[in-house]
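User: Please take a close look at one part of this model, the salt bridges. I would like a connected account of where the partners sit and how far each is buried or exposed.

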Amino acid sequence: MIEAELKARVHVPEAVLRKLDDRAVGRPEVYQDTYYDTPDRALEVADKELRVRTVRGADETRTVITFKGARVDDDSGSKPEHETRVDDPEAVHALLRGLGYVPLIQFEKRCRNYAFDADGRRMLATLVRVPEIEGTFLEVETLAEESDVAAALTDVRTVLTSLGIAESDLTRELYTDAVRTRRATR
């Protein structure tokens, strides 16, 4: 499946939060992300990602490993995604290092997730703050077959518009790149 996703900078987070609260119950979570690559950055060069994410919520802590293939839509950056839960995060980190992968970057995301249906699709809207980056972001995503990505992105845009997000607010900036840039200027 393809994660059909758009991300935007949010200028008035409180207004978006109120609109999301009208749609669903928000779930606050903190993500600790570690991105891995080969020493020569072969995954990055191929536009692929390998991530271990530990999610801490009010009721549970869980860890998932995710592989994202190269983007199938250049405008949105939507990618095929394969993800599974892991029982022992330290073992997964050790396994990846043992296979020759190195941690490329680690950072924290503070999120509030909202799951709801719109236009016949299951949507996930996430308000995001990355402490090392200025501003608030909104990600809206749904899963789609590759042949349905364009229609899915149209539905995602409709949700964004209903939340007061303009097309000019959309961004393809990656958190990994923004965090790297921020750390390089310190």
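Analyst: In this predicted model, glutamate 173 counts as partly exposed, because its relative accessibility of 34% is neither under 20%, where a residue would be buried, nor over 50%, where it would be exposed. Its salt-bridge partner is arginine 9, and the closest N and O atoms of the two are 3.3 Å apart. This contact links distant parts of the chain, since arginine 9 belongs to strand β1 (residues 2-10) whereas glutamate 173 lies in the loop between β9 (170-171) and α5 (175-184), with 164 residues separating them. Arginine 9 is likewise partly exposed, at 29% relative accessibility.

A second salt bridge joins lysine 68 and glutamate 81, with 3.7 Å between the closest N and O atoms. Lysine 68 is in strand β4 (residues 61-68) and glutamate 81 is in strand β5 (residues 79-86), so this pair ties together parts that are 13 residues apart in sequence. Here both partners fall under the 20% cut-off for burial: lysine 68 is buried with a relative accessible area of 11%, and glutamate 81 is buried at 18% relative accessibility.

The pair formed by aspartate 148 and arginine 121 brings its closest N and O atoms to 2.8 Å. It too links distant parts of the chain, as aspartate 148 is placed in the loop between β8 (136-144) and α4 (149-162) and arginine 121 in strand β7 (residues 121-129), 27 residues apart. Aspartate 148 is partly exposed, with a relative accessible area of 25%, whereas arginine 121 is buried at 14% relative accessibility. Apart from such individual pairs, salt bridges that share partners join Arg27, Glu29, Glu60, Arg62 and Arg85 into one network. In total, the count comes to 23 salt bridges.

One member of that network, Glu29, also has a place in the strand pairing, for glutamate 29 stands opposite cysteine 111 in β6. The strands concerned are β2 (residues 27-37) and β6 (residues 102-118), which pair in the antiparallel sense over 11 bridges. Strand β2 pairs with strand β3 (residues 49-57) as well, again in the antiparallel sense, over eight bridges, and there glutamine 32 stands opposite threonine 54 in β3.

Notes
Residues are numbered from 1 along each chain as its sequence is written. This is a predicted model: local features need pLDDT of at least 70, side-chain atom pairs count only at pLDDT 80 or more; totals for chains, interfaces and linings use all residues. Side-chain values use heavy atoms; hydrogens and water are left out. Two strands pair if DSSP finds at least two bridges between them. Helices (H or I, at least four residues) and strands (E, at least two) are DSSP runs, numbered from the N terminus. A salt bridge is a side-chain nitrogen of Lys or Arg within 4 Å of a carboxyl oxygen of Asp or Glu. Buried means under 20% relative accessible area, exposed over 50%, partly exposed in between (1.4 Å probe, protein chains only).
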